[in-house]
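This report goes through selected features of one protein model, from strand pairing to charged pairs and the surface.

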Amino acid sequence: MTKILFIIVLLIKSAFKLMQSFEQKIKNDFPWFKKNPNLIYLDSAATTLKPKCVINKVVEYYESNTANSHNVDSAYSYKITKQIENSRKNIAKLINSSHDEIVFTSGATESISLIANGLKKIIKKNDEIILSFFEHASNIIPWQILSKQTGAKIVWIGKKFALNEEDVIKKISKQTKLISLASVSNILGYELNIEKILNSTRKINKNIIFVVDATQEIPHRIINIRKTKIDFLAFSGHKILGPTGIGVCYINKKWIDKINPLRYGGGMNSTIKTDSFNYANGVEKFEGGTPHIAGIVGLNEAVNYLNKIGWNNIKKHEKKLKQYIDSKITKINGVKYYSKNSNYPIIYFNFKNLNPHDLASYLWTKNIIVRSGVSCCKLSPIPTNVNGAVRASFYIYNTLNDVDALINALKTYKKGDELANVL
């Protein structure tokens, strides 16, 4: 029996050793850690750090390749247009869509606003829009505006500290016109099986429009649009190691000609007359103005980087990380842990009746960067009765040592420590 236990311990240590080497290799790709060697970054659900290859690609555009797109008058300028289209194809491959269904936006906020604005003439009075209490503000406010413009009714779902497929399905009615949900929660980390929801809902009402906010899922898992057959999908580039100010809106081909763009101007028209204009063909219709070219090529490089690491490797790393977090934090007295059942490395918790902002401030004295409050899920207190908590979110560059640092900070906390930055 002693021998068996010894072998198990060796295997666990060996697995942790492999994990550490994976983590260290990844960390070396991120200049942030060299510039901030004493800091622990646990806020990746807000924005991810950027690998050197992404930074280099953005700098390369500004230093060596600056030109506007849609210019074929020189080989130099055409190169940029080609890079944008190659980026579009690469991102389409990431989510298993067609490249002519990928629209570049400034982020998930603009993407969802584009979708809601485009559906103004589709949504009618007394139609129902299903949203959850756990949605980010970006996936609430555009629908509230649409509701007021059209007379549609918002149906709210969600209870306690989770949302599951059955919670969605049981709210479907003949009046349901649209469902817009985050596939992964940015505070609780729960994951929805979009395919299951969609298959069930369309048996009840085949005309339901399905929108997915994939902002928190896209950094962690491969998404298969063809399998889910959704209508629209949105995500932000800065959550997936890319630059800020760039995002993606997937628009199913059947909607391209049915909805209007959000932005009007250069690039989104084919012809202009004194009293009218014609839209450009395909997704260019939705990309008015000069695109964020550096952001597009930077996002493309981020996708290449993650593809090289391997999505299975990312999943394995995060699973081990989350299991380790769960095994440690659940043993600390005074912790109220709201995201234990999640497979994603997002933890949401309170501690010893401390105000979450004070707790985050205390953790900062230990060089740990987290986020506090409701993290833009401003309706989450309705089902949870929790008016704020600390969110620590981990990613591929985080280590078991980072977890230990957080756990040790909580274990060694003494009353009044949260005032260290104030007094």
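## Strand pairing and local features

In strand 15, G373 has A389 as its bridge partner. The model is a predicted one. Strand 14 and strand 15 (residues 389-393) are joined by 3 bridges and run antiparallel. Both belong to an open sheet of 4 strands in the order 11-12-15-14, with antiparallel pairing. Strand 11 (335-337) and strand 14 (371-373) are the edge strands of this sheet, each pairing on one side only. On average, neighbouring strands of the sheet are turned by 30° against each other, direction ignored.

A network of salt bridges links D43, R371 and R391. R371 falls at the start of the range given for strand 14 (371-373), and R391 falls within the range of strand 15 (residues 389-393).

## Strand 3 and its neighbours

How many of the residues of strand 3 (residues 128-132) are buried? The count is 5 of the 5, so strand 3 is largely enclosed by the rest of the structure. The burial applies to both faces: E128, I130 and S132 are buried on one side, and I129 and L131 are buried on the other.

Strand 3 pairs with two strands, strand 4 and strand 5. With strand 4 (residues 153-157) there are 5 bridges, and the two strands run parallel. Within this pairing, K153 of strand 4 stands opposite E128. Between strand 3 and strand 4 the chain passes through helix 6 (residues 141-150), and the resulting β-α-β crossover is right-handed. With strand 5 (residues 176-182) there are 3 bridges, again in a parallel arrangement. Here I129 has L178 of strand 5 as its bridge partner.

In general, the strands of a sheet pair through backbone hydrogen bonds, in either a parallel or an antiparallel way.

## Positive phi in two lysines

Two loop residues other than glycine have a positive phi. K160 has a phi near 50° and sits in the loop between strand 4 and helix 7 (165-169). With a relative accessibility of 63%, K160 counts as exposed. K352 also has a phi near 50°, and its place is in the loop between strand 12 (346-351) and helix 13 (356-365). The relative accessible area of K352 is 45%, which makes this residue partly exposed. Strand 12 is a member of the open sheet in the order 11-12-15-14.

## Salt bridges

The count of salt bridges comes to 15. Three of the pairs are listed below with the distance between their closest N and O atoms.

| Pair | Closest N and O atoms | Separation in sequence |
|---|---|---|
| R263 and E110 | 2.8 Å | 153 residues |
| K196 and E166 | 3.8 Å | 30 residues |
| E195 and K227 | 3.9 Å | 32 residues |

R263 lies in the loop between helix 10 (253-256) and strand 9 (269-272), and E110 lies in helix 5 (residues 108-118), so their salt bridge ties together parts that are 153 residues apart in sequence. R263 is partly exposed, at a relative accessible area of 29%. Is E110 buried or exposed? E110 counts as buried, with 12% relative accessibility.

Helix 8 (residues 194-204) contributes K196, which pairs with E166 in helix 7. Both ends of this salt bridge are partly exposed: K196 has a relative accessibility of 37%, and E166 has a relative accessible area of 44%. E195, also in helix 8, pairs with K227 in helix 9 (residues 225-228) and so links distant parts of the chain. E195 is partly exposed, with a relative accessible area of 25%.

## A nonpolar surface patch

Which residues make the nonpolar surface patch of about 330 Å²? Y264, I272 and F277 make it. F277 is found in strand 10 (residues 277-279), and its relative accessible area of 37% makes F277 partly exposed. I272 falls at the end of the range given for strand 9 (269-272).

Technical notes. Residues numbered from 1 in each chain as written. Predicted model: local features only at pLDDT ≥ 70, side-chain atom pairs only at ≥ 80, totals over all residues. Heavy atoms only, no water. Patch = residues over 30% accessible without salt bridge, like charges linked within 9 Å, V, L, I, M, F, W, Y side chains within 5 Å. Areas by Shrake-Rupley, 256 points an atom, 1.4 Å probe, with all protein chains shown as cover. Salt bridge = Lys/Arg side-chain N within 4 Å of Asp/Glu carboxyl O. Buried < 20%, exposed > 50% of the residue type's maximum accessible area, 1.4 Å probe, protein only. Pairing = 2+ DSSP bridges. Right-handed = clockwise from strand over helix to strand, strands pointing away. Axes fitted to C-alpha atoms, helices over the stretch in contact; angles between N-to-C directions.
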